[in-house]
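Me: I am new to reading protein structures, and I would like a careful look at one single part of this one. Could you choose one strand and explain how the rest of the chain is arranged around that part?

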Amino acid sequence: MIPFMPHTSTNYIILQSQTIYMKFFIDTANLAQIQEANDLGILDGVTTNPSLMAKEGIRGTEAINNHYKTICEMVDGPVSAEVLSTTFDEIIAEGQKLAQIHENIVVKVPMIKDGIKAIKWFTDNGISTNCTLVFSAGQAILAAKAGATFVSPFIGRIDDSSWDGVQLIEQITNIYNAQGYMTEVLAASIRNPLHIVRCAEAGADVCTCPLNSILGLLKHPLTDIGLAQFLNDAKSMQ
Ligand code: E4P
């Protein structure tokens, strides 16, 4: 698996010397939350979807494009922008426009028949893609075969239907490693810090998380108790 590179970049890949570790994306269109995560210094990218954009009250093509541009200028990494079209010609037209907003835009395409055809077309034309709404290993194989840059299995929604979403991450990672697929496994629909830990264990390339789940990784009661004690004891040194 290779790290994301902007689609207009002339970067080259040195697989052997690359340090591979799980990247952190934030899963929101909220600018304040993106800024807060970016200020932590651990943010590698952003994913959005139509529900997240609508939640921020963004309406109309110009406002949508401006919002994506703002996010791209805030964060130095891939920013997934989802197409709203569902037919091949329309996905291509919409995706090309999205890709023109900024070199870090990744065109997010749903896992449907025309979506797979479109991902193949984008791949052949140097446009990065994120295949979204993935719920099975079979879908992930198709996305990789079409050349998707990222594949997004929705682990929280799988858990909601009483299956184990992280097991799917493990299965896809194993398949991609066995077959040599270059597509990065982007664990999506994260609901809590434990999801992030388990995705790291399962070998996900990327975890896209709500801000609360990222901040949840910081928390441990023994850290709070220990720090309070250290600060209290330190008073005697002054
Ligand atoms: C990200 O790319 C997905 O759209 C998102 O993680 C879905 O999350 P949800 O299941 O919490 O809506």
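Reply: Two strands are said to pair if DSSP finds at least two bridges between them. With that in mind, and remembering that this is a predicted model, we can look closely at strand 4, which covers residues 105-110.

On one side, strand 4 runs parallel to strand 5 (residues 129-134), and the two are joined by 4 bridges. Within this pairing, V107 has T129 of strand 5 as its bridge partner. Strand 4 also pairs with strand 3 (residues 79-82), again in the parallel sense and over 4 bridges, and here A81 stands opposite V107.

The connections between these strands can be followed along the chain. From strand 3 the chain passes through helix 4 (residues 88-101) before it reaches strand 4, and this β-α-β crossover is right-handed. A right-handed β-α-β unit is likewise made by strand 4, helix 5 (residues 113-124) and strand 5.

Next comes the question of how covered the strand is. In a regular strand, the side chains alternate between the two faces of the sheet. In strand 4, I105, V107 and V109 lie on one side, while V106, K108 and P110 lie on the other, and all of these residues are buried. Buried here means under 20% relative accessible area. Because 6 of the 6 residues of strand 4 are buried, the strand is largely enclosed by the rest of the structure.

Definitions and conventions:
Residues are numbered from 1 along each chain as its sequence is written. This is a predicted model: local features need pLDDT of at least 70, side-chain atom pairs count only at pLDDT 80 or more; totals for chains, interfaces and linings use all residues. Side-chain values use heavy atoms; hydrogens and water are left out. Buried means under 20% relative accessible area, exposed over 50%, partly exposed in between (1.4 Å probe, protein chains only). A crossover is right-handed if, with the strands pointing away from the viewer, the path from the first strand over the helix to the second runs clockwise.
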